[in-house]
Amino acid sequence: MTEQKYIYLDCAATTPMDPRVIEEFNKQMKENYGNSSSLHAMGQKSAKTLNNSRENIASLINAERNDIFFTSSGTEADNIALLGVARRNKSRGNHIITSNIEHHAVINTCHHLEKQGFEITYIPVDNQGLIDVKQLEESITDKTILISIMLANNEIGTIEPIKEIGKIAKNHDVIFHSDGVQAFGKIPIDVNDLNIDLLSASAHKLYGPKGIGMLFIRNKGIRPGWGKYIEPIMYGGGHERDMRPSTVNVPGIAAFAKAVELAKEEMSTEITRQIRLRDRIVKTVLETIQDSYLNGHPTLRLPNNVNLGFKYIEGESIVLDLDFVGIAASTGSACSSKSLEPSHVLLAIGLSPQDAHGSLRVSLGRFTLEEDINYFLEQLPLVIKRLRQISPLQHKIN
Ligand code: PLP
C-alpha cells in the first residue's frame, strides 16, 4: 500500500522544526545542561551560550543584546509588555490603545486590564485589515501610556503601517509595543527604524522549538521621562535581569538562535519564493472557483499567508475534507478555530458572520514545495464542489 501524501500548509499555527535546529537543540541538551547562573565551568558554558544567542537574536532586529529578554512564549511576552507597562505607569495614565484584530494574547490581556480600571481603545481596520492610523492618533489623550499594534496579522496576514504608528507614538511620547510573533524571521524588522519600544516573538513560528519566546524591551534610547517603564509580572530569582525569573532554558534559546541564524540567511530567497507560491494560489483560486474571494491585503501581507473565503460553505468542513486527502490547513487562528464564534478578525474586516465561517487559511513555509501547491490546487476545487453540492445554501449557486 502506498502511503498517502501529507502536505502541511498551517505554518502560521506552528512550523515544523528545521532539522538543523533539531540538531543544535539535541547537542545543547546533551552537552550544555548547566544552570547559566551557576559559578562552575558547566554553568559558565551555559551563560556563554546564552549571551551568544542573545546577541544573534538581537542582530535580526537591529537591537542591543541586553534588550532581549527570553520568555516561555509569544503569549508570555505580550502579557509582560501589556501588564508590565500598565502596572508600572498606572499613576501616569490608565489609557491603552490597541486594535480590534490583535491576537487573543493581547486582546484578552486588555480585557483583564479593563477589569483593573484601565481604559482600552480598540482601533478598527479597513476591509483589507489595515489600521486606521488617523483614528489611532486622534485617540491619544494625556492619559495614554501604551499603544499595542501587531506587526502582521496571524489570520489574514496583513502587515500594518508600523513605521507610521511608531512615529506617532514617539511624537506623542507614548510607549509602543508590537506583537511581532507572525512577522519575526519572515520579513525584515528594524526596531530602530520602526520606533518600536517593545516587540514580542516566538521561536515555534520560525522552525524553532515550542516553549521559547522573547520580548525586546528598549532600554538605551528610551525617551526621557520614561526611565524604568516596565515591571515584571512574575517574581522569583533574578534571571533575565529580574524581568523574567525561572531557570533559563539555554538549549531552547540556543535552538531559537539557530532558527534566527537560518532565517537571516534564507529570508530574502524565501520571501521571493513564498510570494510566488502565495500569489499563484490566490490567482488560480479566484479565477477557477466561483464565489471565492481573498481576505486581507493583496500585497501588504506576509509572504506565507493566504486567506480565502468561499461562499455557502463552512471553513471547518473544508479543513476536515482537505485533511482527509492529506492536506493540513486551518480556518484561522489555531487558538480559536475550535470555537464556534466567527473570527473577530474576519468580522473586523467587514465579513458577515456567515461569510466569516467560510474562510480557509493556508500558510506556507520553508519546506513547502511547488508540487505541494500543485496537489493542493488539484484537491481544493473538488472539495469545494462536493461541499457546495451538499450545502443547504446550494440553491444560491447558479
Ligand atoms: N501573537 C500572534 C500574532 C500569534 O500568531 C501567536 C500564536 O499563534 C501568539 C501571539 C502566541 O504565541 P505563542 O504560541 O508562542 O504563545
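**Exercise 1. Work out the strand order of the open sheet of 3 strands, and which strands form its edges.**

Solution. Step 1: the order is E9-E10-E12, with antiparallel pairing. Strands here are DSSP runs (E, at least two residues; helices are H or I, at least four), numbered from the N terminus, and two of them pair if DSSP finds at least two bridges between them.

Step 2: strand E9 (292-294) and strand E12 (359-363) each pair on one side only, which makes them the edge strands.

A note before going on: this is a predicted model, where local features need pLDDT of at least 70 and side-chain atom pairs pLDDT 80 or more, while totals for chains, interfaces and linings use all residues. Residues are numbered from 1 along each chain as its sequence is written, and side-chain values use heavy atoms, leaving out hydrogens and water.

**Exercise 2. Find how many bridges join E10 to E12, and the partner of Asn-305.**

Solution. Step 1: E10 (residues 305-310) and E12 run antiparallel, joined by 5 bridges. Step 2: look along E12, and Asn-305 has Ser-363 as its bridge partner.

**Exercise 3. Identify the helix that gives the most to the largest nonpolar core.**

Solution. Step 1: this core has 66 residues, and Phe-256 is one of those with the most contacts inside it. Such a core is a set of buried (under 20% relative accessible area, 1.4 Å probe, protein chains only) Ala, Val, Leu, Ile, Met, Phe, Trp, Tyr and Cys residues joined through side-chain atoms within 4.5 Å.

Step 2: H7 gives the most, with 11 residues.

Step 3: apart from this core lies another, of 28 residues, including Ile-318 and Leu-387.

Notes:
Buried < 20%, exposed > 50% of the residue type's maximum accessible area, 1.4 Å probe, protein only.
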